[in-house]
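Reader: Hi, I'm new to this. Can we walk through this structure together?
Author: Sure, here it is.
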Amino acid sequence: MKVFRIEGGTPLQGTIEVSGAKNAALPILAATLLTPEPCVIRNVPNLSDIRLMAELLETLGANVERLDANTWKVEAKKLTPVAPYELVKQMRASICLLGPLVGRLRKAQVSFPGGCVIGPRPIDLHIKGLRKLNCEVSIEAGFVNVDASEIEGSDVFMGGRMGSTVTGTANVVMAAVLTPGITHIENAAAEPEISDLCNMLVSMGAKIEGIGGHHLIIEGVKKLHGTNHSIISDRIEAGTYLMGAAMSGGDLTVKNVPCAYIRALLDRFEDSGIDLEMGQNQIRINTEPKKLRPVDTITLPFPGFPTDLQAQMCSLMTLVDGLSIITERIYPNRFMHVPELQRMGADIAIEGNSAIIKGVESLSGAPVMASDLRASAALVIAAISAKGESWIQRIYHIERGYERIHQKLAELNIKIDRLDDSDMPASIKGLV
Ligand code: EPZ
């Protein structure tokens, strides 16, 4: 397995470019199944999760071609409705195949996604939504089976205990665009990735009103045609690098920033006293943690502060003098980064679904273990800002969601090496 060795102490300095959004690209690639005509999808980040989605589309019968590192062409003339366990188990987002299969084939058999380290991730709302569209849904032998032969437009409330659901909304939208009648989705997720999906579907001939809001109105059409769509840039990647710069005391220009999508982060920055130079789709950040004020943060559905930036915010606050409280409202147990940050000297206590962070003078490099995508990102920015050397294990997590992170950071003169775990000194191998 690959590991990162990072020698801390070099701030993020220079210019970095944000890639396409993984969480927009995954459902959009799935949506190409809604038409037999070719779809060309551009600005797709080159990531392992994307390659896995391409493999899933091929398994379902689509012809998938990679035109260049960031462009995919999908032509789904013929499809089978079965998404197998071997592939689905590797990526929870595979569940977003349910909607397109239902829309196109009136039938789906998608393996039930497995557990997840960030906490329980049920799909009850996806199922509730499809049932509202008059689909018969059953769970058998580890598969979600949908019979949509009687599907019809309806009123769907996409809410549960934890609020709206992003992928659940994507599934119902993708089913409804080819469903006879009108579907109203209330409490729809309004994340930019959902708007990108809806815009892509409209470019294929779908009729969707209310894009960007919590009430989507979809008039089913008989068929959709091919399209040429470019994925929005990744707000979480942008936020990660901005926080990395603030934490390491850098002077970083982040290009391709979807500014309108990271308002909640910019608001936290403003409260913390960070001066930003805002440009056209780019932000320059020039600060250091010692100048910042601690801020409290609560994760919420968009436009609130994203759960996918919570771990990085925890990292940043470990070096800000004073007390900050970070409360996780989407995945209440998503704090696997905390014990690893503690290994680096952070002063953090967990109380229920909150992390209470007392800023320390400095972090010290340590061998740490990445547990999921965003926790790994938090460890990378902590390692860059720490004194001494860190070894981050299980970096396959970070490579699922950050395109070329190793090269992008190396181009900023960060001392980062991507090595085999066999290269780790024997003295620290047994420590994590
Ligand atoms: C998406 O996951 C993202 N994944 C996640 O990104 C992100 O953390 C999450 O949205 C929240 O923003 C993709 O887009 C591929 P949800 P999703 O359904 O759609 C509860 C990353 O690091 N819920 O919006 O699966 C659920 O437990 C990640 O890139 C139900 O109760 O998330 C959670 O508390 C990981 N029943 C809340 O809703 C359901 O049927 C939001 O989950 C579905 C969800």
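Author: One definition before we start. Ala, Val, Leu, Ile, Met, Phe, Trp, Tyr, Cys and Pro count as nonpolar; Asp, Glu, Lys and Arg count as charged; the others, Gly among them, count as polar. Also, this is a predicted model.
Reader: Ok. How do the residues of the shell around the ligand divide?
Author: There are 11 nonpolar, six polar and six charged residues.
Reader: Which residues are closest to the ligand?
Author: Of the 23 that surround the ligand, the closest are Asp124, Thr165, Thr167, Asp308 and Ile330.
Reader: What about arginine 334? How far is its side chain from an oxygen atom of the ligand?
Author: An N or O atom in that side chain is 3.2 Å from a ligand oxygen. Asparagine 23 has a polar side-chain atom 3.0 Å from an oxygen of the ligand. Valine 166 uses its backbone instead: an N or O atom there lies 2.7 Å from a ligand oxygen.
Reader: And how much of the ligand does the protein bury?
Author: The protein buries 88% of the 830 Å² that the ligand exposes when taken alone.
Reader: Which element gives the most to the shell?
Author: H5 does, with three residues.
Reader: Where does the ligand lie relative to the domains?
Author: Between domain 1 (2-18 + 233-429) and domain 2 (22-230), because both give residues to the shell.
Reader: New topic. Is leucine 316 buried or exposed?
Author: Buried, because its relative accessibility is 0% and the cut-off for buried is under 20%.
Reader: What does leucine 316 touch?
Author: Leaving out residues up to four places away in sequence, leucine 316 touches Met243, Ala246, Met247, Phe269 and Leu292. Leucine 316 sits in helix H10 (residues 310-317).

How values were computed: Residues numbered from 1 in each chain as written. Predicted model: local features only at pLDDT ≥ 70, side-chain atom pairs only at ≥ 80, totals over all residues. Heavy atoms only, no water. Near = heavy atom within 4 Å. Polar contact = N/O pair within 3.5 Å; in protein donor to acceptor, adjacent residues only side chain to side chain. Areas by Shrake-Rupley, 256 points an atom, 1.4 Å probe, with all protein chains shown as cover. Helix = DSSP H or I, 4+ residues; strand = E, 2+ residues; numbered from the N terminus. Domains from an automatic or database assignment. Buried < 20%, exposed > 50% of the residue type's maximum accessible area, 1.4 Å probe, protein only. Contact = heavy atoms within 4.5 Å.
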